[in-house]
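User: I would like to learn how to read salt bridges in a model. Can you take me through some cases?

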Amino acid sequence: MFGPRLDGRDGVSLVPSTLDDFKLHVPWMLAPEVGRFWGPRFGEMTEERQEERFNKTGEDESQIQWTISYNDEPVGFTGIFDIDWIRRDGESGIFIGRHDLFGRGIASEAIRLRTDFAWRELRLHRVHNWVAHANRGSRRANEKVGYKQMGLFRHSYFRSGEWYDEWLGEAYPHTFPDQR
Amino acid sequence: VALGGTIRGKTTTLRLPVEGDLETYNAWMADMRLRRAHRVWHEPAMPATWKERFKEIAKDKQTVLWSIDAGPKLVGFALGRLWTMRNGFDVHHFVIDPEEWRKGYGSDAALALHRYFFDYLDLRLVTTELRADNAAALGIADRLGYIEFARGHEVHYRDGAYVDELKLRMDKESWQERWSAEREYPPLAADATR
């Protein structure tokens with residue numbers, strides 16, 4: 001499923017994805033600038049495959065996906081995936097494809113909008129995720145909306161001669177900061 | 001092809017699953033003893049639905065399914081996913097028929113499967129997730145050499161309450177320390193490559 005439009009602060013919105021947005025994923029995901037904390041930079045990245053992924057995502061009731069819009073331009077995507085509607089638990093994720101916009105707080109606002117939606121509209125019980133431990137910006141964006149560390153996956157992957165660990169977080173409605 | 005081949009243990013054999021196994025899978029997924037211990041793979045369904053699920057698995061190149069036999073009897077199944085980089089594996093389901101619990105089949109099949117992972121596929125690590133109150137499965141994992149790397153709180157819901165989930169990993173080094181005598185094949189003869 002695609003999520004509804006959620007307007008946030010500082011020009012950031014979450015909007016239902018279009019096929020054109022999905023086609024942007026290809027150049028975004030294959031760029032080395034985003035590959036430090038994302039991999040593996042190969043795959044079936046054809047337009048046809050992106051159209052299949054778009055259709056499948058739209059039909060899949062176990063996920064909710066949005067395009068992240070910044071000043072009305074698509075800059076990435078986010079969502080809650082593998083939602084178990086009985087346990088009311090899902091795995092969250094985010095990808096900012098426009099590396100020239102890193103550091104502007106776009107991910108923080110997108111994560112805030114997504115997490116607020118998980119509690120207020122979906123009535124989920126829990127969301128959880130994996131974030132590269134060294135990706136401090138992403139980790140802190142998650143912590144700001146109530147994610148807490150539940151573990152650390154050592155030596156998850158290897159880049160430029162170093163092992164990278166992954167931080168595992170989980171959040172609940174009661175860990176979401178009061179925004180009134 | 002993502003249907004697993006033969007892996008022999010001492011009392012169990014993991015083998016290629018066939019359509020004839022699906023009715024038994026369906027019965028297990030409907031068994032509340034099993035549902036209390038494990039996450040269900042799929043909800044119980046009509047035979048045609050199971051056949052569709054089976055076809056999907058066979059097409060998925062990275063998800064692998066094995067049926068587990070003890071002698072001539074189907075007693076379980078294992079299913080997991082090979083990592084994109086093909087150096088690790090996530091065990092998603094490892095199910096033994098509740099009627100066959102406490103006979104050592106789980107331990108035997110798990111050891112054989114991990115021998116395949118480390119001694120044959122040469123994987124770097126294997127992960128799995130278990131409910132915090134599944135003492136039998138945790139005991140098998142501990143003996144194999146798994147360690148906990150995360151604990152999810154209030155993850156699974158059954159019997160009117162949540163239970164935590166433990167995330168576990170087993171690295172190749174643990175396999176080598178504990179199970180180096182377990183081999184798929186004997187060492188090559190000294191003159192084998194002459």
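Analyst: We will go through a few charged pairs in this structure, which is a predicted model.

User: What is the general idea behind such pairs?

Analyst: Side chains of opposite charge can pair when their charged atoms come close.

User: How many salt bridges does the structure hold over all chains?

Analyst: There are 37 over all chains. Start with A:R126 and A:E170, whose side chains meet at 3.0 Å, N to O. A:R126 sits in strand β6 of chain A and A:E170 in strand β8, 44 residues apart.

User: Are A:R126 and A:E170 buried or exposed?

Analyst: Both A:R126 and A:E170 are buried. They also belong to a network of salt bridges with shared partners, together with A:D84, A:R87 and A:D89.

User: Which parts of chain B does the pair B:R36 and B:D133 link?

Analyst: B:R36 lies in helix α2, and B:D133 in the loop between β6 and α5. They are 97 residues apart. Their side chains form a salt bridge at 3.6 Å, N to O.

User: Why does B:R36 count as partly exposed?

Analyst: Its relative accessible area is 39%, and partly exposed runs between 20% and 50%. B:D133 is partly exposed too, at 36%.

User: Where do B:K172 and B:D122 lie?

Analyst: B:K172 is in helix α6 of chain B, and B:D122 is in the loop between α4 and β6, so their pairing ties together parts 50 residues apart in sequence. The salt bridge spans 2.1 Å, N to O. B:K172 counts as buried because its relative accessibility is 18%, and buried means under 20%.

How values were computed: Residues numbered from 1 in each chain as written. Chains lettered and ligands numbered in written order. Predicted model: local features only at pLDDT ≥ 70, side-chain atom pairs only at ≥ 80, totals over all residues. Heavy atoms only, no water. Salt bridge = Lys/Arg side-chain N within 4 Å of Asp/Glu carboxyl O. Helix = DSSP H or I, 4+ residues; strand = E, 2+ residues; numbered from the N terminus. Buried < 20%, exposed > 50% of the residue type's maximum accessible area, 1.4 Å probe, protein only.
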